[in-house]
Amino acid sequence: MKLPSNIPDLSLALPPASPQFFDLYGRQNNGQPALGMAQELTAGLCATSASIAPKFFYNALGSKLFEAITGLDEYYPTRTEAAIFEASHRLMAGALASRGITRPCLIDLGAGNCAKAMALIPHLAPRQYVPVDISVDFLRAAAERVQASFPALDIVGLGMDFSAGLVLPEAVQQHDRVFFYPGSSLGNFSPDQALQFLQHIADPAQGQARGLLLGIDLVKDTATLEAAYDDALGVTAAFNKNLLLHVNDLLQSDFDVRQWRHVALFNAAQSRIEMHLEARCELHVRWPGHERRFSAGERIHTENSYKYTLEGMRTLLHQAGFSQVEHWTDPKRWFAVFWAAV
Ligand code: AVI
């Protein structure tokens, strides 16, 4: 019914729906996230070859630094992947439709600022959108922005460390689940871990995926790869060193970031970029109950970013239990988006 022009339409004044949000990070560590993380960090730092898991990059500043990395000239993955989605989203929607999936539950793994999903939502028309990320407050704010852009969309945000296992709460629709794992984040797992993770997603008793849209960085020349992880402005160096500030917060340790050098190299034998932090001189780091001496030049391994071939990824997806696999790539074949249906 059309209202007379002097009577305001109150439906327009209703507040927009807000996303449901579950912070599962605390629960994953018996309600003591700090304790679980401290144990994990201490084990990595005290190992003969010291390491810190890459999930610790993503405190509030780390998430912002990563966002800045995605806009750098040298960091080609984000814009290359976006161009593939832009060029091929109709074919992707068609691939889902060919399996009878027209209103998916879109589960966005490592959603970050949700920008990639925001570009895809108008084309895939999900019934439910489930962004998942370890950076809980950053994700909560991003989910609210998605809701403001798509007020009618059912959104369930999940703050969790899915590298430790992906158990989804009941609020996540079981019907027509399509996992969205862009940005080559799967490359931060070893190939064995990646296979296990994909098997879990494809398992009808666990992830219950009908399909997966997966962005994967491809093998290319070493200079291009190394520049992407060691940019001229030093944003990636700051992202890497910020890990130590995050560790200082979590462990009450006394890392001095000025004493550490950012190192990024392509390990061709393992087909991976490695990031390390290298001690500029002999150093002694302390935290409650522990200490570690580092000699000059000694490194802490902070990240692996595996690069795949098209054939290698196709094989991995089939091994994991996906049947129909197709892909789209860019003219230089630097990056690929795979559609894999169970
Ligand atoms: C999140 N992940 C896919 C990024 C990558 O390329 O491995 C993280 C990153 N590390 C340095 N730059 C970007």
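**Ligand shell, helix 3 and cysteines in a predicted model**

Student: How far is an oxygen atom of the ligand from an N or O atom in the side chain of Tyr75?

Tutor: This is a predicted model in which local features need pLDDT of at least 70, side-chain atom pairs count only at pLDDT 80 or more, and totals for chains, interfaces and linings use all residues. Residues are numbered from 1 along each chain as its sequence is written, and side-chain values use heavy atoms, with hydrogens and water left out. Between the ligand oxygen and the N or O atom of the Tyr75 side chain, the distance is 2.5 Å.

Student: What share of the ligand's exposed area does the protein bury?

Tutor: Accessible areas come from the Shrake-Rupley method with a 1.4 Å probe. Taken alone, the ligand exposes 340 Å². Of that area, the protein buries 96%.

Student: Which residues of helix 3 are buried?

Tutor: Buried means under 20% relative accessible area (1.4 Å probe, protein chains only). Helices are DSSP runs of H or I with at least four residues, numbered from the N terminus. In helix 3, residues 60-69, the buried ones are Gly62, Ser63, Leu65 and Ile69.

Student: Why do the sulfurs of Cys46 and Cys105 form no bond, and how many disulfides are counted?

Tutor: A disulfide is a pair of cysteine sulfur atoms within 2.5 Å. The sulfur of Cys46 is too far for a bond because the closest cysteine sulfur, in Cys281, is 19 Å away. Likewise, Cys105 has its closest cysteine sulfur in Cys114, at 14 Å, which is too far for a bond. By this rule, the number of disulfides is 0.

Methods. Buried < 20%, exposed > 50% of the residue type's maximum accessible area, 1.4 Å probe, protein only. Helix = DSSP H or I, 4+ residues; strand = E, 2+ residues; numbered from the N terminus. Polar contact = N/O pair within 3.5 Å; in protein donor to acceptor, adjacent residues only side chain to side chain.
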